[in-house]
Amino acid sequence: MNRRTIHYAIVGCIVAMAAAVIYAVVRLLVLSQRADTSILVVNVVVFAGIAGFLIYLTKKEHDIQEEEMFRD
């Protein structure tokens with residue numbers, strides 16, 4: 001992976017996290033629905049999965065920076 005791809009993936013993860021929060025807010029506050037399993041799945045499971053992938057991407061980016069630093 002190159003650095004540009006990693007940056008796009010990080011931005012995508014942040015957008016997906018924001019979309020998960022907006023989904024919950026709309027369902028709970030705007031539509032006045034109760035918390036059900038779809039909100040829990042989106043906000044807990046999907047959010048945790050995205051956060052794990054985001055941690056992986058930042059580690060990969062750090063490894064690429066170290067490799068470039070020692071290559072010179």
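This tour moves from the whole chain to its helices, its core and a few single residues.

**Whole chain**

Start with everything selected. The model is predicted. Show it as a cartoon: the protein chain has two helices and zero strands. Its radius of gyration is 17 Å, well over the 11 Å that the globule rule gives for 72 residues, so the chain is more spread out than a compact globule. Align the view to the principal axes, and the C-alpha atoms fill a box of roughly 60 × 15 × 15 Å.

Now add a surface. The chain exposes about 5400 Å², and carbon and sulfur atoms supply 68% of that area. Buried residues account for 18% of the 72 residues. A contact map is worth a look too. Among contacts between residues at least 6 apart in sequence, 64% join residues at least 24 apart.

**Helix H1**

Select residues 3–30, which form helix H1. H1 has 28 residues. From its first C-alpha to its last it reaches 39 Å, close to the 40 Å expected at 1.5 Å a residue.

Colour the buried positions of H1: Ile6, Ile10, Cys13, Met17, Ala20, Ala24 and Arg27. What do the buried residues of H1 pack against? They pack against H2.

**The core**

Next, select 37–71 to bring up helix H2. Then show side chains for the largest nonpolar core, which has eight residues in all. Its members are Ile6, Ile10, Cys13, Met17, Ile50, Leu54, Leu57 and Ile64. H1 and H2 are the elements that give two or more residues to this core.

Centre on Ile10. Leaving aside neighbours within four places in sequence, Ile10 is in contact with Leu54, Leu57, Thr58 and Glu61. Leu54 and Leu57 are fellow members of the core.

**Ala24**

Go along H1 to Ala24. Its relative accessible area is 8%, under the 20% cut-off, so Ala24 is buried. Residues up to four places away in sequence aside, Ala24 touches Ile39 and Asn43. Draw a distance to Ala35 as well: the two C-alpha atoms are 8.5 Å apart in space, and the residues are eleven apart in sequence.

**Arg27 and the end of H1**

Select Arg27, also in H1. Is Arg27 buried or exposed? Arg27 has a relative accessible area of 17%; buried means under 20%, so Arg27 counts as buried. Show its side chain with that of Tyr23: the two make a polar contact at 2.6 Å. Now expand the selection to residues in contact with Arg27, skipping neighbours within four places in sequence. That picks up Ser32, Gln33, Asp36, Ser38 and Ile39.

Stop at Ser32, which follows H1. Check its backbone: phi is positive, near 55°.

**Two long distances**

Return to H1 and pick His7. His7 has a relative accessible area of 38%; partly exposed runs between 20% and 50%, so His7 falls in that class. Measure from His7 to Ile39, C-alpha to C-alpha. The separation is 28 Å, for 32 residues along the chain.

Finish in H2 at Glu68. Glu68 counts as partly exposed, at 30% relative accessibility. Which distance separates Glu68 from Ser38, C-alpha to C-alpha? They are 43 Å apart in space and 30 residues apart in sequence.

Methods:
Residues are numbered from 1 along each chain as its sequence is written. This is a predicted model: local features need pLDDT of at least 70, side-chain atom pairs count only at pLDDT 80 or more; totals for chains, interfaces and linings use all residues. Side-chain values use heavy atoms; hydrogens and water are left out. Helices (H or I, at least four residues) and strands (E, at least two) are DSSP runs, numbered from the N terminus. Buried means under 20% relative accessible area, exposed over 50%, partly exposed in between (1.4 Å probe, protein chains only). A polar contact is a pair of N or O atoms within 3.5 Å; within protein, one must be able to donate a hydrogen and the other to accept it, and residues adjacent in sequence count only if both atoms are side-chain atoms. Contact means heavy atoms within 4.5 Å. A nonpolar core is a set of buried Ala, Val, Leu, Ile, Met, Phe, Trp, Tyr and Cys residues joined through side-chain atoms within 4.5 Å. The radius of gyration is taken over C-alpha atoms; the globule rule is 2.2 Å times the number of residues to the power 0.38. Accessible areas come from the Shrake-Rupley method with a 1.4 Å probe; for residues, only the protein chains shown count as cover. The expected span of a helix is 1.5 Å times one less than its number of residues.
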